[in-house]
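Trainee: Please take a close look at one part of this model, the open sheet, and place it in the chain as a whole. I would like one connected account.

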Amino acid sequence: MRNLKLLRSLEFRDIQAQGKPQCLSLRAEQATVLIGSEHGLVEVDPVTREVKNEIPLVAEGFLPEDGSGCIVGIQDLLDQESVCVATASGDVLLCNLSTHQLECVGSVASGISVMSWSPDQELVLLATGQQTLIMMTKDFEPIMEQQIHQDDFGKSKFVSVGWGRKETQFHGSEGRQAAFQIQMAFRTKMEVALETFLPSVLRNE
């Protein structure tokens with residue numbers, strides 16, 4: 001971090017868009033900025049201050065009308081020609097900025113606090129409201145789920161990997177309805193040594 005140098009800074013005060021900025025993401029090829037607020041998503045030209053696109057999420061029911069909603073993550077996906085948006089209520093959305101089409105690709109009943117994509121956009125990591133990490137492929141296929149805080153973890157420990165409780169599971173294309181349905185499902189658990197696979201942030205050495 002010491003080698004990072006600030007090349008340029010911009011201050012937006014006169015953008016004609018509703019809401020307060022909660023998070024942002026850059027669209028490098030379009031040279032625009034995506035800004036998320038309690039109302040939805042806007043795409044802004046940082047030079048002209050012009051709003052290029054606006055995706056309201058309140059009208060679609062993904063954010064509450066009282067303004068208490070929160071967007072916790074935005075990622076421009078070049079391969080899919082869409083923008084991935086995660087809300088604090090637990091929805092993961094794909095937004096096509098050309099057609100304004102919205103798709104809910106999954107949901108977490110306990111909510112989402114953080115969404116982070118790998119630099120190559122092959123993996124996505126979600127931190128849930130119940131302090132678990134869910135790693136998925138770019139097609140939103142779950143790979144693993146793991147508790148963030150562990151009392152006994154180290155090189156000699158094995159990690160139990162499974163799909164956990166219903167509240168922390170990522171539900172696919174069925175979206176939020178599946179997250180709240182009470183289903184009896186057969187869950188499998190396996191013991192796998194993931195010492196070289198888990199992020200170093202989880203290690204308690």
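Mentor: Of the 205 residues of the protein chain, 40% count as buried. The model is a predicted one. Its accessible surface comes to about 12,800 Å², and carbon and sulfur atoms account for 50% of that area. The protein chain has one helix and 15 strands. Among contacts between residues at least 6 apart in sequence, 42% join residues at least 24 apart.

Now to the sheet itself. Four strands make up an open sheet, in the order β9-β10-β11-β12, with antiparallel pairing. Its edge strands are β9 and β12, each of which pairs on one side only. From one strand to the next, the twist averages 15°. As background, strands of a sheet pair through backbone hydrogen bonds, in either a parallel or an antiparallel sense.

The strands can be taken in sheet order. β9 and β10 run antiparallel and are joined by five bridges. One residue pair in this register is Met115 with its bridge partner Leu126 in β10. Strand β10, residues 123–128, in turn pairs with β11 in the antiparallel sense, again over five bridges. Leu126 appears here too, with Ile134 in β11 as its bridge partner. Leu126 is thus a bridge partner of Met115 and also of Ile134. The connection between β10 and β11 is a hairpin with three residues between the strands, and Gln131 in the turn has a positive phi of about 60°.

β11 covers residues 132–137 and β12 covers residues 142–147. These two strands pair in the antiparallel sense over five bridges. Within that pairing, Leu133 has Gln146 in β12 as its bridge partner. The hairpin of β11 and β12 has four residues between the strands, and Phe140 takes a positive phi near 65° there.

How is β11 placed with respect to solvent, mostly covered or not? Five of its six residues are buried, so the strand counts as mostly covered. In a regular strand the side chains alternate between the two faces of the sheet.

Phe140 deserves a second mention for its side chain. A search of the whole structure finds one aromatic pair, and Phe140 forms it with Trp117. The geometry is edge-to-face, with 5.9 Å centre to centre and 90° between the planes. Trp117 lies in strand β9, residues 112–117, and Phe140 lies in the loop between β11 and β12, so the pair ties together parts that are 23 residues apart in sequence. Both Trp117 and Phe140 are buried. The contact therefore links β9, where Trp117 lies, to the loop between β11 and β12; β9 and β12 are the edge strands of the sheet.

The loops of the sheet also carry a charged contact. Side chains of opposite charge can pair when their charged atoms come close. Lys138 and Glu122 meet through their side chains in a salt bridge, at 3.6 Å from N to O. This pair links distant parts of the chain: Lys138 is in the loop between β11 and β12, Glu122 is in the loop between β9 and β10, and they are 16 residues apart. Lys138 counts as partly exposed because its relative accessibility is 26%. Glu122 is partly exposed as well, with a relative accessible area of 37%. The loop between β11 and β12 therefore holds both Phe140 of the aromatic pair and Lys138 of this salt bridge.

For comparison, consider the other charged pairs described here. The structure holds four salt bridges. One of them joins Glu43 to Arg27, with the closest N and O atoms 3.0 Å apart. Glu43 lies in strand β3, residues 40–44, and Arg27 in strand β1, residues 23–27, so this pair ties together parts that are 16 residues apart in sequence. Both Glu43 and Arg27 are buried. Arg27 also forms a salt bridge with Asp76, the closest N and O atoms being 3.4 Å apart. Here Arg27 in β1 is linked to Asp76 in strand β5, residues 71–77, and the two are 49 residues apart. Asp76 is buried, as is Arg27. Salt bridges with shared partners join Arg27, Glu43 and Asp76 into one network. The members of that network are buried, whereas Lys138 and Glu122 are partly exposed.

Definitions and conventions:
Residues are numbered from 1 along each chain as its sequence is written. This is a predicted model: local features need pLDDT of at least 70, side-chain atom pairs count only at pLDDT 80 or more; totals for chains, interfaces and linings use all residues. Side-chain values use heavy atoms; hydrogens and water are left out. Rings of Phe, Tyr and Trp (its six-membered ring) pair if their centres lie within 6.5 Å; planes under 30 degrees apart count as stacked, over 60 as edge-to-face and the rest as tilted. Buried means under 20% relative accessible area, exposed over 50%, partly exposed in between (1.4 Å probe, protein chains only). Two strands pair if DSSP finds at least two bridges between them. Axes are lines fitted to C-alpha atoms, for helices over the stretch in contact, and angles run from 0 to 180 degrees between N-to-C directions. Contact means heavy atoms within 4.5 Å. Accessible areas come from the Shrake-Rupley method with a 1.4 Å probe; for residues, only the protein chains shown count as cover.
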